Amino acid sequence: MQRSVADAAGHVVRLACIMTEYLRDGAAIYRESFATIRAESDLAGFADDVATVVVRMIHACGQTDLTTDVVATPGVVDAARGALRAGAPILCDANMVASGVTRRRLPADNEVLCFLGEPGLPELAARMETTRTAAALQFWLPRLEGAVVAIGNAPTALFALLDLIDDGAPRPAAIVGAPVGFIGAAESCELLSTREDLEFITVRGRRGGSAITAAALNALADPAE
Ligand SMILES: C/C1=C2N=C(/C=C3N=C(/C(C)=C4\N[C@@](C)([C@@H]5N=C1[C@](C)(CCC(=O)O)[C@H]5CC(=O)O)[C@@](C)(CC(=O)O)[C@@H]4CCC(=O)O)[C@@](C)(CC(=O)O)[C@@H]\3CCC(=O)O)C(C)(C)[C@@H]/2CCC(=O)O
């Protein structure tokens with residue numbers, strides 16, 4: 001098929017192009033996508049409120065078998081949603097997680113914070129002999145009580161959070177803990193999944209990531225698909 005357009009000088013330019021048929025309506029794409037996920041995923045093991053979160057996590061990674069690795073406490077949705085409605089901040093390990101949070105879904109114009117850019121963080125991490133993402137948790141401490149935590153990248157941040165809580169740090173209302181990768185991701189999520197004193201949703205194994213974590217947060221903030 002040929003299409004004609006005018007260039008900046010008004011000359012007619014003929015474009016040879018293939019007009020492919022594909023869905024262009026964003027709302028329809030979302031509808032079909034969520035319907036496909038619900039048709040192809042085994043959500044039977046999840047309560048309805050948690051299933052809504054899992055569906056959105058699958059939407060972010062395209063893997064319907066993510067259901068086999070997700071572990072969530074029965075109270076995590078109520079805990080996170082209640083905290084967000086009350087104005088709790090969202091504490092993120094990476095800017096990629098923070099960027100993925102859809103601000104219009106937040107019920108109280110909640111702050112979405114990541115401290116990786118704090119001046120002096122690299123030096124602090126060097127002094128603490130840890131990563132920057134783990135050292136950045138020092139800046140979380142004044143905001144941690146009742147906060148919603150979103151860790152989607154750094155296993156060291158999740159390990160450090162659990163250590164801090166064990167050492168008496170304030171407790172977050174809920175934790176989305178889904179760091180990704182080969183070093184520490186599976187181990188840190190496994191550790192989180194054993195915690196009976198915390199509300200959390202996690203992904204066992206190597207899968208996880210900023211997009212999955214932000215998607216979970218978005219569903220916790222607002223169940224609307
Ligand atoms: C070891 C690290 C891992 N990073 C992974 C995957 C991705 N990271 C990206 C980016 C851009 C960033 N990762 C840092 C958080 C950086 N990544 C690390 C650290 C060295 C240590 C974390 C840990 O092991 O717990 C970490 C730096 C630190 O000192 O904490 C980042 C801050 C590095 C930087 O650019 O400065 C940066 C995050 C920026 C931000 O959003 O604020 C990737 C996009 C990779 C890339 O650039 O190629 C990717 C994103 C994955 C995602 O979905 O988030 C792993 C795989 C998680 C890995 C830890 C585990 C492993 O197996 O190695």
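**Exercise 1. Backbone at Asp109 and Glu129**

Task: In this predicted model, state where Asp109 lies, what is notable about its phi, and whether the residue is buried or exposed. Then do the same for Glu129.

Solution:
1. Asp109 is found in the loop between α4 and β5.
2. Most residues other than glycine have a negative phi.
3. Asp109 is not a glycine, yet its phi is positive, near 50 degrees.
4. With a relative accessibility of 70%, Asp109 is exposed, since the class begins over 50%.
5. Glu129 sits in the loop between α5 (121-128) and α6 (132-135). Its phi is also positive, about 55 degrees, and Glu129 is not a glycine.
6. Glu129 has 73% relative accessibility and is exposed.

**Exercise 2. Salt bridges between distant parts of the chain**

Task: Find which parts of the chain are joined by the salt bridge of Asp65 with Arg207 and by that of Arg143 with Glu111, and classify the accessibility of Asp65, Arg143 and Glu111.

Solution:
1. A salt bridge requires a side-chain nitrogen of Lys or Arg within 4 Å of a carboxyl oxygen of Asp or Glu.
2. Between Asp65 and Arg207 the N to O distance is 2.8 Å, and the two side chains form a salt bridge.
3. Asp65 belongs to the loop between α2 (48-61) and β3 (70-72), and Arg207 to the loop between β8 (200-203) and α10 (210-221), so the bridge ties together parts 142 residues apart in sequence.
4. Asp65 has a relative accessible area of 41% and is partly exposed.
5. Arg143 and Glu111 form a salt bridge with an N to O distance of 2.2 Å.
6. This pair links distant parts of the chain, 32 residues apart: Arg143 is in the loop between α7 (137-140) and β6 (148-151), and Glu111 is in the loop between α4 (95-100) and β5 (112-113).
7. Arg143 is partly exposed at 30%, and Glu111 is partly exposed at 40%.
8. The count of salt bridges in the model is eight.

**Exercise 3. A salt-bridge network**

Task: Which residues are joined into one network with Asp197 and Arg195?

Solution:
1. The side chains of Asp197 and Arg195 form a salt bridge, 2.9 Å from N to O.
2. Asp197 is partly exposed at 38% relative accessibility, whereas Arg195 is buried at 13%.
3. Through shared partners, salt bridges join Asp197 and Arg195 with Asp166 and Arg171 in one network.

**Exercise 4. Packing of α2 against α1 and α10**

Task: Describe how α2 packs against α1 and how it crosses α10.

Solution:
1. Two packed helices are described by the angle and the distance between their axes.
2. For α1 (residues 26-40) and α2, the angle is about 110 degrees and the axes are 10 Å apart.
3. The two helices are therefore roughly perpendicular, and their crossing is right-handed.
4. In this contact α1 supplies Tyr30, Ser33, Phe34, Ile37 and Arg38, while α2 supplies Thr52, Val55, Arg56, Ile58 and His59.
5. By class, the contact of α1 with α2 holds five nonpolar, three polar and two charged residues.
6. The axes of α2 and α10 come within 8 Å and cross at roughly 145 degrees. This crossing is right-handed.
7. Residues of α2 in the contact include Thr52 and Arg56, and those of α10 include Ala211, Ile212 and Leu220.
8. The contact of α2 with α10 has 10 nonpolar, two polar and one charged residues.

Definitions and conventions: Residues numbered from 1 in each chain as written. Predicted model: local features only at pLDDT ≥ 70, side-chain atom pairs only at ≥ 80, totals over all residues. Heavy atoms only, no water. Helix = DSSP H or I, 4+ residues; strand = E, 2+ residues; numbered from the N terminus. Buried < 20%, exposed > 50% of the residue type's maximum accessible area, 1.4 Å probe, protein only. Axes fitted to C-alpha atoms, helices over the stretch in contact; angles between N-to-C directions. Parallel < 35°, antiparallel > 145°, perpendicular 65-115°, else oblique. Left-handed = near helix turned anticlockwise from the far one by under 90°. Contact = heavy atoms within 4.5 Å. Nonpolar A, V, L, I, M, F, W, Y, C, P; charged D, E, K, R; others polar.
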